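Student: Could you take me through this one, with the cut-offs spelled out as we go?
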2 protein chains.
Amino acid sequence: MTVEFISVGTEILLGNIVNTNAAFLAEKCAMLGLSCYHQSVVGDNEERLEDTLRRALSRSDVVILSGGLGPTKDDITKEVAAKVFGRKLYEDTHTKKQIQDYFCRTQNMQVTPNIWKQALVPEEAKVIDNHNGTAPGLILEENGKTAILLPGPPNEIIPMFEHDIAPYLNQLQPEGIYSKMVKICSIGESRVETMVEDLIVKQTNPTLAPYAKTGEVHLRVTAKASSEEEAERLMAPVMEELFRRFGDKIFTTEEEVTLEDVIIQMLLDKKMTVTTAESCTGGLVAGRLLNAAGASDVYKEGYVTYANEAKEHLLGVKHETLETYGAVSEQTAREMAEGAARMAHADAAISVTGIAGPGGGTPEKPVGLVYIGCYVKGNTRVEEFHFHGNRSKNRESSVAKALTLLREELLKVIDECRIM
Amino acid sequence: MTVEFISVGTEILLGNIVNTNAAFLAEKCAMLGLSCYHQSVVGDNEERLEDTLRRALSRSDVVILSGGLGPTKDDITKEVAAKVFGRKLYEDTHTKKQIQDYFCRTQNMQVTPNIWKQALVPEEAKVIDNHNGTAPGLILEENGKTAILLPGPPNEIIPMFEHDIAPYLNQLQPEGIYSKMVKICSIGESRVETMVEDLIVKQTNPTLAPYAKTGEVHLRVTAKASSEEEAERLMAPVMEELFRRFGDKIFTTEEEVTLEDVIIQMLLDKKMTVTTAESCTGGLVAGRLLNAAGASDVYKEGYVTYANEAKEHLLGVKHETLETYGAVSEQTAREMAEGAARMAHADAAISVTGIAGPGGGTPEKPVGLVYIGCYVKGNTRVEEFHFHGNRSKNRESSVAKALTLLREELLKVIDECRIM
């Protein structure tokens with residue numbers, strides 16, 4: 001089965017917003033085993049949208065349109081789709097009630113007369129309730145072709161797709177699609193790809209696809225099967241093989257679980273606390289750790305120590321260490337981590353000191369040189385990194401490496417490798 | 001003149017990467033006064049790419065293709081474009097030399113035999129040197145239609161577009177396009193749009209387009225003119241009018257200057273220092289301030305105080321204050337800001353305490369309630385906010401508001417409003 005996406009909106013054509021919906025839909029549909037050969041973007045123009053929709057329906061089984069379902073006269077996706085399918089619009093009482101309820105719930109929005117345009121739906125369309133906005137989703141079917149109309153705002157389209165559209169697409173296919181996400185850290189993208197190349201070459205069902213993220217590699221294992229149990233059975237040998245090859249470098253097999261979630265969970269399990277002492281990342285490691293639910297039980301306080309004096313008086317880094325080795329050094333990173341743990345009475349600490357750029361580099365200590373220290377229960381490990389990006393990329397890479405290091409050190413003190 | 005974009009790459013169709021190149025090209029071309037009605041994405045498939053390119057050339061004057069110029073056999077953009085334009089490929093000695101030089105410079109990459117495929121260029125094509133990679137940009141012209149082939153990696157396409165493609169597109173047009181970016185904070189998106197609605201309705205040359213960012217609104221003023229001086233003359237009355245309407249809510253008119261850059265510059269000018277005390281944003285305000293060049297001269301240290309005890313012993317927040325009003329309160333935010341300034345011996349301080357969610361909310365203090373305190377030279381102001389996003393959105397909004405508040409308070413102590 002083939003799918004294609006049409007994003008409707010002049011704001012995408014003008015570059016006002018990045019088309020993250022297309023990436024979301026593409027990844028989800030790939031996960032459902034649908035093949036996608038085309039994506040397109042058109043503005044709020046009737047003729048061009050009609051032309052684009054007709055062409056898409058001529059070459060793909062399912063066309064997913066996002067955006068252009070709002071209340072203004074610029075919003076024409078529904079009208080154009082109804083025209084292409086030869087359907088009239090009528091006011092759907094259920095949808096009208098849904099919109100009223102939405103306004104009662106959220107209150108802070110004004111009901112304008114044109115809002116009721118969103119209660120108009122094409123004849124014989126499947127109507128999908130929108131729990132996070134006013135425009136419903138719509139499904140039109142004819143002669144084996146399907147058009148799915150979804151609202152544009154990410155906080156509306158994402159839950160609607162997960163809750164209603166994914167199951168709908170799944171039942172269109174003779175077999176269901178099931179997948180697991182194997183998330184790996186502590187090992188580079190090209191290395192992971194080399195290590196699974198043979199599996200990818202000989203794959204049929206399940207399939208394996210790598211996705212690179214900063215500091216992580218995700219492998220999606222996807223099986224076609226008539227039931228979840230059969231899918232599990234099909235995926236089991238591949239999952240076992242991946243665990244055999246990557247071992248505890250796999251930090252989770254759950255779609256929604258992040259590296260910071262896993263770290264916070266390890267700390268919660270062991271009733272350990274953590275702190276951070278940051279120079280060039282200036283609070284971003286703390287910011288990432290505190291993304292995780294439950295972080296407040298393990299993270300009490302942390303330090304941004306940009307100046308040398310701050311490293312001395314907040315963390316107790318020795319004046320001689322800074323004088324002798326400099327702020328960006330293995331020794332300073334070590335004393336920062338140990339000092340932070342001592343000051344915060346924490347069981348673990350991460351320190352980062354480096355030269356993120358663009359200025360501040362020297363021949364001996366070039367831009368991109370970063371030392372990351374990790375203290376866990378009496379032991380400190382410091383690693384030296386050389387990053388090659390711009391300032392913000394170097395800081396982002398430093399944060400990813402800091403979390404990876406912390407997980408590695410925590411694993412050493414935790415008896416068994418715990419996979420969430 | 002019309003332009004359209006074709007992004008080539010299976011990784012976009014699979015959702016492995018977000019198509020940020022399309023947004024970049026769209027915004028830049030809009031800025032150059034080109035009209036864009038279509039964007040599309042196709043995989044590394046010869047037939048579909050040829051079909052897409054032919055259709056694009058039939059309806060647009062300029063087609064910009066990105067991606068698929070690499071050395072592997074999957075990279076087919078150049079071959080397909082040469083076929084569509086009826087040109088043969090030949091080895092360009094200049095490009096071969098460029099690739100050799102690139103490898104000498106970067107060293108850390110291996111020269112593989114297939115790399116020389118990138119030195120093949122279509123007959124009569126304009127070749128654009130790539131200073132950040134190996135695949136050159138290519139421009140093909142025929143019968144008033146132009147195809148521009150650019151490499152896919154953002155760190156290659158962005159500098160190549162800025163340096164070579166933008167001037168090329170500009171000279172294709174009878175008049176040049178010049179623009180300024182007016183960046184506004186301290187005032188909401190819909191309010192800004194209402195305030196400039198009359199200017200947008202009656203606009204001809206220059207034009208005005210709003211772009212909403214988290215906590216900021218950007219207005220792009222674009223003029224068509226035969227020279228930069230004429231453009232300045234055309235834009236002057238609009239710029240004056242915008243300054244009359246928005247005054248010091250305009251924080252810069254420079255494309256590349258950020259809110260944190262402006263704040264750090266204000267502090268540098270006044271030889272003032274700043275610190276941060278963060279609870280729910282957990283280091284993200286510090287992280288953003290330290291994005292700016294020169295931050296090390298004004299930011300010495302900062303605090304992440306998640307636990308109540310940390311607020312007490314690091315910032316000197318009174319135990320009774322936390323007991324009586326709670327950690328998320330106007331009073332605590334005030335004492336956090338004042339305490340941070342005192343502890344860091346800083347002239348200014350920002351504090352953030354709130355409930356980012358998803359847990360932790362109560363009927364009295366719901367998720368999204370955030371207090372932001374701002375201390376500047378003896379005066380403290382605290383504002384209460386109610387955000388309605390998820391955890392990460394609430395934290396992002398808090399960071400934006402914190403910077404806005406700091407700028408407002410700094411303006412009060414700075415004699416004249418300084419526009420960078």
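Tutor: Buried means under 20% relative accessible area, exposed over 50%, and partly exposed in between, with a 1.4 Å probe and protein chains only. This is a predicted model, where local features need pLDDT of at least 70 and side-chain atom pairs count only at pLDDT 80 or more, while totals for chains, interfaces and linings use all residues. Residues are numbered from 1 along each chain as its sequence is written, chains are lettered from A in the order in which they are written, and side-chain values use heavy atoms, leaving out hydrogens and water.

Student: OK, is A:Lys97 buried or partly exposed?
Tutor: A:Lys97 counts as partly exposed because its relative accessibility is 46%. Its side chain meets that of A:Asp101 in a salt bridge at 3.1 Å, N to O, the term being a side-chain nitrogen of Lys or Arg within 4 Å of a carboxyl oxygen of Asp or Glu.

Student: Where do those two lie?
Tutor: Both A:Lys97 and A:Asp101 are in helix α5 of chain A (residues 93–106), 4 residues apart, about one turn of the helix; helices here are DSSP runs of H or I with at least four residues, and strands are E runs of at least two, numbered from the N terminus.

Student: And which salt bridge does B:Glu142 make?
Tutor: The side chain of B:Glu142 meets that of B:Arg87 at 2.9 Å, N to O. This pair links distant parts of the chain, 55 residues apart, with B:Glu142 in strand β7 and B:Arg87 in the loop between α4 and β4 of chain B. B:Arg87 is buried, at 10% relative accessible area.
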